[in-house]
Amino acid sequence: MTAKRRGAQLGMLAFAVLIVMGAYAGVGLGINGKIPSGMLGYGLGLGGLMLAAYLVLAKWAPWADPLLLPLVTLVNGIGLVMIYRLEEGGIKDASASNQLMWTALGVVMFSATLLVLRDHRALQRFTYTAGFVGIVLLILPVLPVIGTEHYGARIWMNLGPFSLQPGEFAKLALVVFFAGYLVAKRDVLALAGRRLLFIDLPRARDLGPVLITWGVSIAVLVAEKDLGTSLLLFGAFIAMLYIATQRTSWVLIGILLFVGGAFLAGQVFSHVQARFDGWLHADSPEVYDAGTSYQLMQGLFSIGSGGILGTGLGQGHPGLTPFSFSDFIFDAVGEELGLTGLMAILMVYALIVERGLRTSLMARDPFSKLLAGGLSFILAWQVFIIVGGVTRLIPLTGLVTPFMSAGGSALLANWMLIALLVRMSDAARRPPPQAIQDEGLTQVMQR
C-alpha cells in the first residue's frame, strides 16, 4: 500500500472512532443531560486499540484492503455505545467495560492471526485437520463435564470463571475444511448426472458431502438445540459448493434438504416447534401470553416506536426487550436511531461483505477464492439470519449480531475472520515480483 493510501486508511479509522465518540456523547446527553465523564477514557481506549491494529496491519499486511478495518471499527464501536446506553439504563447484564475488554482481546487475536499466518495458503495443507478440529469444537458443549446449558441451548463450555461458545470458532475451522475439500473435489462434484427438466442433477454417489453436512447440521440441532449454528454451517457449505462448481442443482438440492430438515425438526422437537409457533403466530394472544412470542413482539414494538429517525440516543426504552444487549441489540438500535440508522448499519455490513467478495474475485488461486468467498458468505448469512429473526422475516435462531452484540466468543471469532480476509486481500493486491534485467550483464552473457 502506498503512503497516500495508508494515510487515507488512518484518516477513515480516525473518522470511525470520532463517529463512535459522538454517539457516546449523545447517550450521555440523552440520559443525563451532560457528556459522560468517562468519555475520554473510552475514546482513548478504543482509539488506542484500533491504532495498534492499524500499525500491525501496516507492517505485516501493507497491501491489504484499506476499508476493512475502519468499517469493522465503526460497527464494533456502535455496539459498544449501545451496550453502554443499556448499562446506564439499568440493564444489569450489559457492561460496556467488559465489552471493551473483549474488543481488546479481539484486536489481539486479529494481530496474532496476521503475525502467525504469513501465508494463508498454508491452511490448505491442514484441510482435514481443520475439519476434525471443527467437529471437536462442535461436540465440546455436549460433553457432561465442561458443557453447560443456558437459555435452553447447550452451546457453552466452561473455562474457569469464563464461558465460551466453541461453535463460533468451529465455523472458521469448517470453512477452511470446506475450501480445501472443494478445491480437491470440485471436478468430480461438477460432473452432471441425469437431466430433470432444465436442471442437470449431480451423480448420486457425489451427494455424499451434502448429505454428510446435512446430517451434521441436524445432529447439532438435536444435541445442542442450536438452530442458528446448524443453519449457518449448512448454508455456508452449499454456498461454497456453488462457488466451486457453478452448478445450480447443488443449491436446489440444498434448499430441498433444508426445508425437509426444518419440517422434520419442527415435527419432532418441541423447542423448534415453539420457534415456528412464535414466528407464525407472534401476534396471537395465546402465543404471546404464553411467552413464546413475547421477546419477538417487544423487539418489533421497539423498532416501531423508533420510526424513521428514531427517538434519539438515550431517549427510548430498549430495556423493555429481553436480551436487548445481545440477541436483540439490532432492535434496540432501531428504536433510538430509527430505520435510517438501521439502514446505515446494514450498509456498513454490506460494504464489509463486498470487500471480502472483491478479495475472492482478485485472488490468484482457487483455495483463496473459496476461502475468501466462504468467510464473506458466513458473515453475510449470519447478519441475514439474526436480522431476519428479530424482524420476523424468518424464525428466531439464537445467533448474535456480528461485532455489536455483547459477549466474547463471537467477537473474538469475527475479529479472526476479518484478519483472514485482511491477509488474503494483502496477497491478492500485492504486485507480482518483476524480473530485474541488467543490460550489461545480458550483453556479456550473449558474447
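## Helices, buried contacts and aromatic pairs in a predicted model

Helix 12, covering residues 294-306, is built from 13 residues and runs 19 Å from its first C-alpha to its last, close to the 18 Å expected at 1.5 Å a residue. The model is a predicted one, and this helix is a handy place to start reading it. The residues of helix 12 that are buried are Leu296, Met297, Gln298, Gly299, Ser302 and Gly306. Their cover includes helix 10 (270-280), helix 11 (285-289), helix 13 and helix 14. Right after helix 12 comes Gly307, with a positive phi of about 65°.

Stepping back to the whole chain, the protein holds 16 helices and 5 strands. Of its 447 residues, 51% count as buried. Among contacts with a separation of 6 or more, 72% are between residues 24 or more positions apart. One example of parts brought together from separate places in the sequence is Gly45 with Leu100: they are 55 residues apart along the chain, yet 8.1 Å apart in space, C-alpha to C-alpha. Gly45 belongs to helix 2 (residues 39-60) and is partly exposed, with a relative accessible area of 24%.

How far can the coordinates be trusted? The mean pLDDT of the protein is 86, and 88% of the residues reach 70 or more. Among the elements, helix 13 (residues 329-362) has the highest mean pLDDT, at 96, while helix 16 (residues 439-446) has the lowest, at 44. Across residues 436-447 the pLDDT is below 50, and this stretch has 0 contacts in the model beyond near neighbours in sequence. Where pLDDT is low, the predicted coordinates should not be read in detail.

Helix 15 is another matter. It spans residues 409-429, 21 residues in total, and reaches 30 Å from first C-alpha to last, close to the 30 Å expected at 1.5 Å a residue. Because 20 of its 21 residues are buried, helix 15 is largely enclosed by the rest of the structure.

The loop between helix 14 and helix 15 has a couple of backbone oddities. Most residues other than glycine have a negative phi. Arg392, which sits in the loop that runs from helix 14 (366-390) to helix 15, has a positive phi near 70° despite not being a glycine. Phe403 lies in the loop between helix 14 and helix 15, and its phi is also positive, near 70°. As for solvent, Arg392 counts as partly exposed at 28% relative accessibility, whereas Phe403 is buried, with a relative accessible area of 3%.

Phe403 turns up again in the surroundings of Asn76, a residue of helix 3 (residues 68-88). Leaving aside residues up to four places away in sequence, Asn76 touches Thr103, Phe403, Leu411 and Trp415. With Thr103 there is a polar contact, side chain to side chain, at 3.4 Å. Asn76 has a relative accessible area of 0%, so it counts as buried, the cut-off being under 20%.

Aromatic rings are worth a look too. The model contains 14 aromatic pairs. One of them joins Tyr128 and Phe177 in an edge-to-face arrangement, with 5.9 Å from centre to centre and 65° between the planes. This pair links distant parts of the chain: Tyr128 is in helix 5 (residues 127-139) and Phe177 in helix 6 (residues 166-189), 49 residues apart. The two partners differ in how they meet solvent, with Tyr128 exposed at a relative accessible area of 55% and Phe177 buried at 19% relative accessibility. Phe177 counts as buried because the cut-off is under 20%. Both rings are part of one aromatic cluster, made up of Tyr128, Phe177, Phe178, Tyr181 and Phe237. Elsewhere, a charged side chain takes up a place over a ring: Lys59 lies over the face of Trp60, at 5.8 Å from the ring centre.

Terms used
Residues numbered from 1 in each chain as written. Predicted model: local features only at pLDDT ≥ 70, side-chain atom pairs only at ≥ 80, totals over all residues. Heavy atoms only, no water. Helix = DSSP H or I, 4+ residues; strand = E, 2+ residues; numbered from the N terminus. Expected span 1.5 Å × (residues − 1). Buried < 20%, exposed > 50% of the residue type's maximum accessible area, 1.4 Å probe, protein only. Polar contact = N/O pair within 3.5 Å; in protein donor to acceptor, adjacent residues only side chain to side chain. Contact = heavy atoms within 4.5 Å. Phe/Tyr/Trp six-rings, centres within 6.5 Å; stacked < 30°, edge-to-face > 60°. Lys NZ or Arg CZ within 6 Å of the ring centre and 35° of its normal. pLDDT = per-residue confidence, 0-100.
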